[in-house]
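Please open the model in a viewer and keep the selection panel at hand. The tour below proceeds by selections, each followed by a short account of what is found there.

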Amino acid sequence: MGIGDDGALINPSDNQQLVVASDTLVEDVHFPAAATGRQVATRALCVNLSDMAAMGAQPRWFTLALTLPEERANSAWLADFSAGIAEIAKQFDIALVGGDTTSGPLTVSITMLGEVPPAESLQRSGAAVGDSVFVTGYLGDGAAGLKSISSINNSCINSDRLLQRFYAPQPQIKTAIQLRGIASACIDISDGLVADLGHICQASAVAATVYTQQLPIAEDVRKLSPNNCIDWALFGGDDYQLCFTVSADKIDKLEQLIDGGELNACKIGTIQIAADGGCPVTVLDSNNSPIALNKQGYDHFG
Ligand SMILES: [Mg+2]
């Protein structure tokens, strides 16, 4: 039973664990004030779905708490926002089962519930020495999209593909479910590859080496900024791709899926014994020299 009572009643499937994740998006922090209702809605749902992917979960239900300033509390903005929610909910077959609306600065808070068979969830803590590090899709799209958005006023860069990647990143649900039983650890890339792979390393008590030459960077992003695209891929964040590790005995299974075109991922590095202190992730450039890792951060608006 969904919306209409004081709480939702859900029946989880038999023999499944519930996975619960919440994420809040605030105007001028996680999206610019110029974003349309639809863009805010698709981004909010997609980033929450990405956390389900990181866990290897099948998303099922969500609640939505919407805080709206007076100037947005009109039927045109709400219709646009609702269309975005409906589009993504339909695409991923998830149901809105509850929520809340209040007045205040524009904030969208979503709680997502999903299911995963016990012992098949993907977690950050399973990476082991000798594992290979993979990422899905392209890296740097999110940061390039952000750049496109911030540059609209001086109109030096614009790209529908990159705007779409920022406002409607594609949660890797299908891939994550394929990775059950294959990946030893997994995370979604929200803060940037180095930061998020660092989270896997910390949770698994290991270190990682990444090779810049193996980073999957889209051609349009390379063209947009040959000087910055590697930094975007390493530190930009907002890609909502998966970074995962695979042990040697599972590589064949993964490569079969990749070669068969069923899964889009590429190897970018390896897992090693943890060193004492410092960043657990080492990035080697095309000359195999370590690059400085002082750019971890997050671009905020406003
Ligand atoms: Mg996450």
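A residue is called buried when its relative accessible area is under 20%. The model is a predicted one, and the tour begins with a helix to which that term applies.

**First selection: helix H8.** Select residues 229-236, which form helix H8. This helix is mostly covered, with six of its eight residues buried. The buried positions are Cys-229, Trp-232, Ala-233, Leu-234, Phe-235 and Gly-236. To display what covers them, add helix H3 (141-150), helix H6 (193-204), strand E7 (206-211), helix H7 (219-224) and strand E10 (281-284), which are among the covering elements. Then step to Gly-237, the residue that follows H8; its phi is positive, near 75°.

**Second selection: the two domains.** Colour residues 17-116 as domain 1 and residues 124-284 as domain 2. Their C-alpha centres lie 24 Å apart. The contact draws 21 residues from domain 1 and 17 residues from domain 2. The accessible area lost when parts come together is often used to give the size of an interface. Here domain 1 and domain 2 bury about 1,600 Å² between them, and 64% of that area is on carbon and sulfur atoms.

**Third selection: Asp-238 and Arg-43.** Show the side chains of Asp-238 and Arg-43, which form a salt bridge; their closest N and O atoms are 2.7 Å apart. Across the interface of domain 1 and domain 2, one salt bridge is found, together with six residue pairs in polar contact.

**Fourth selection: the side of domain 1 that touches domain 2.** Select helix H1 (37-54), strand E2 (58-68) and strand E4 (107-116), each of which supplies at least two residues to this side. Which element gives the most to it? Helix H1 does, with eleven residues. Coloured by class, this side of domain 1 shows twelve nonpolar, six polar and three charged residues.

**Fifth selection: Ser-132.** Move to strand E5 (residues 132-136), where Ser-132 is placed. Is Ser-132 buried or exposed? Ser-132 counts as buried because its relative accessibility is 8%, and the cut-off for that class is under 20%. Display the side chain of Lys-267 as well: a polar contact of 3.3 Å joins it to the side chain of Ser-132. Apart from neighbours within four places in sequence, the residues in contact with Ser-132 are Phe-244, Thr-245, Val-246, Ile-251, Lys-267, Gly-269 and Thr-270.

Note on methods. Residues are numbered from 1 along each chain as its sequence is written. This is a predicted model: local features need pLDDT of at least 70, side-chain atom pairs count only at pLDDT 80 or more; totals for chains, interfaces and linings use all residues. Side-chain values use heavy atoms; hydrogens and water are left out. Domain bounds come from an automatic or database domain assignment. Contact means heavy atoms within 4.5 Å. Buried area is the accessible area (1.4 Å probe) that two parts lose on being put together, summed over both. A salt bridge is a side-chain nitrogen of Lys or Arg within 4 Å of a carboxyl oxygen of Asp or Glu. A polar contact is a pair of N or O atoms within 3.5 Å; within protein, one must be able to donate a hydrogen and the other to accept it, and residues adjacent in sequence count only if both atoms are side-chain atoms. Helices (H or I, at least four residues) and strands (E, at least two) are DSSP runs, numbered from the N terminus. Ala, Val, Leu, Ile, Met, Phe, Trp, Tyr, Cys and Pro count as nonpolar, Asp, Glu, Lys and Arg as charged, and the others, Gly among them, as polar. Buried means under 20% relative accessible area, exposed over 50%, partly exposed in between (1.4 Å probe, protein chains only).
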